Amino acid sequence: MKTQARIRFLVILLTLAGWQPSFAFQQSSLYETGKRLIQIAGSDNSDEIVSLIDPKIDIDTQADILKSFIQVKEGLFNIIGKNNLELFNVIKQGKFTYFILMYNNKFLFIRSKTNDKNLITGTFSLLNSNIGEKLALGRKVYKMKCYSCHGKYGKGGIGPNLADNYWKFVKNEDDLKNVIENGKKGTTMIAYKAYLKPEEIEAVTLYIKALKGKEIQNAKKPEGDKIDIPFTIIKN
Ligand code: HEC
């Protein structure tokens, strides 16, 4: 067990004995929480998830969260085995936080809740949203047609960064698809509707939306205006 998790167990014991913790651990970003979550999911030590749980929530709920995490881990191992997990991104939608996992170019979703300190506050469940298949197609199209100019995971290159929330030409959700379909005259961004099927355009648009906020090393600086283009995992 890592030190932080050990401390958390001590905190739980002390809290059971009536002590109120006056501090809370903080993950630097939600993405960091996601990375740690995936690490723990791939390790033999489920208990370490305790270090990501908000210490202020009651002990019974903490125990439920730990239990649900172990179930999710078992579910994951049944589907993919434990070595191939990679965090793709973390997206907040409504009251839930979705950790998007990637394995062999497929996608799975772990749903939970997080607070403003990026700590876990709700039980985990494993979802197999039908968005996963579209994302997989989008990723395939991206790798073939967009990667060369927009870089790995949209980090930017000849073309702008597509993973930050800043856009040069895109003002809303429809615009995004529009730029991909019709290109940007006078630039190397060509109109892809001549080269891709409608469902491929749809899928690559979705894939780009899903990249939003992904933390990528050596990413190109943001350009344009900050605009939040929503990525919907579960349609209400
Ligand atoms: C040959 C290089 C190249 C390829 C390949 C390419 N793009 Fe682009 N893309 C660009 C450039 C350059 C710009 C920005 C043009 C400008 O700034 O004037 C751009 C702009 C964009 C924008 C608008 C970004 C913003 O900030 O508003 C989107 C979205 C986009 N590309 C998506 C894609 C997708 C999806 C693909 C693959 C289907 C793709 N691009 C393939 C070069 C490319």
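This report covers the fold, domains, core, ligand shell and two backbone outliers of a predicted model.

**Overall picture**

The chain has 236 residues, of which 31% count as buried. Its C-alpha trace spans about 70 × 35 × 35 Å along the principal axes. The secondary structure comes to 7 helices and 6 strands. Read from the N terminus, the order of elements is α-α-α-β-β-β-β-α-α-β-α-α-β. Among contacts with a separation of 6 or more, 63% join residues 24 or more positions apart.

Confidence averages a pLDDT of 90 over the chain, and 90% of the residues score at least 70. By element, the lowest mean pLDDT, 69, belongs to helix α1 (residues 3–16). The highest, 98, belongs to α5.

**Two domains**

The domain assignment splits the chain into domain 1 (3–128) and domain 2 (132–226). Their C-alpha centres lie 30 Å apart. At the junction, 9 residues of domain 1 are in contact with 9 residues of domain 2. Strand β3 (residues 106–112) gives the largest share of the domain 1 side, with 3 residues. That side has 4 nonpolar, 4 polar and 1 charged residues.

**The nonpolar core**

The largest nonpolar core has 46 residues. Ile53, Phe99, Ile100, Leu101, Val204, Tyr207 and Leu211 have the most contacts inside it. Two or more core residues come from each of α2 (30–41), α3 (59–80), β1 (86–93), β2 (96–103), β3, α4 (131–145), α6 and α7. Helix α7 makes the largest contribution, 5 residues. Both domains take part: domain 1 and domain 2 each give at least three residues to this core.

Phe99 shows the packing in detail. Setting aside neighbours within four places in sequence, Phe99 is in contact with Gly34, Leu37, Leu87, Val90 and Ile110.

**The ligand shell**

The ligand is surrounded by 24 residues. Cys146, Cys149, Gly159, Lys168 and Met189 are the closest. By class, the shell has 15 nonpolar, 6 polar and 3 charged residues. Three helices each supply at least two shell residues: α5 (147–150), α6 (173–182) and α7 (198–210). Helix α5 is also the element with the highest mean pLDDT. Helices α6 and α7 appear in the nonpolar core too, each giving two or more residues.

**Two positive phi values**

Most residues other than glycine have a negative phi. Asn118 and Tyr153 are listed below as exceptions.

| Residue | Phi | Loop | Other C-beta atoms within 10 Å |
|---|---|---|---|
| Asn118 | about 65° | between β3 and β4 (125–127) | 20 |
| Tyr153 | near 50° | between α5 and β5 (166–167) | 21 |

Are these residues buried or exposed? The cut-off for buried is 20 or more other C-beta atoms within 10 Å. Asn118 has 20 such atoms, so Asn118 counts as buried. Tyr153 has 21, so Tyr153 is buried as well. The loop holding Asn118 follows strand β3, which is the strand with the largest share of the domain 1 side of the junction. The loop holding Tyr153 follows helix α5, one of the helices that supply the ligand shell.

Terms used: Residues are numbered from 1 along each chain as its sequence is written. This is a predicted model: local features need pLDDT of at least 70, side-chain atom pairs count only at pLDDT 80 or more; totals for chains, interfaces and linings use all residues. A residue is near a molecule or strand if its C-beta atom, placed from the backbone, lies within 6 Å of it. Helices (H or I, at least four residues) and strands (E, at least two) are DSSP runs, numbered from the N terminus. Ala, Val, Leu, Ile, Met, Phe, Trp, Tyr, Cys and Pro count as nonpolar, Asp, Glu, Lys and Arg as charged, and the others, Gly among them, as polar. pLDDT is the predictor's confidence in each residue, from 0 to 100. Domain bounds come from an automatic or database domain assignment. Two residues are in contact if their C-beta atoms, placed from the backbone, lie within 7 Å. A residue is buried if 20 or more other C-beta atoms lie within 10 Å of its own, exposed if 12 or fewer, and partly exposed in between; C-beta atoms are placed from the backbone. A nonpolar core is a set of buried Ala, Val, Leu, Ile, Met, Phe, Trp, Tyr and Cys residues joined through C-beta atoms within 7 Å.
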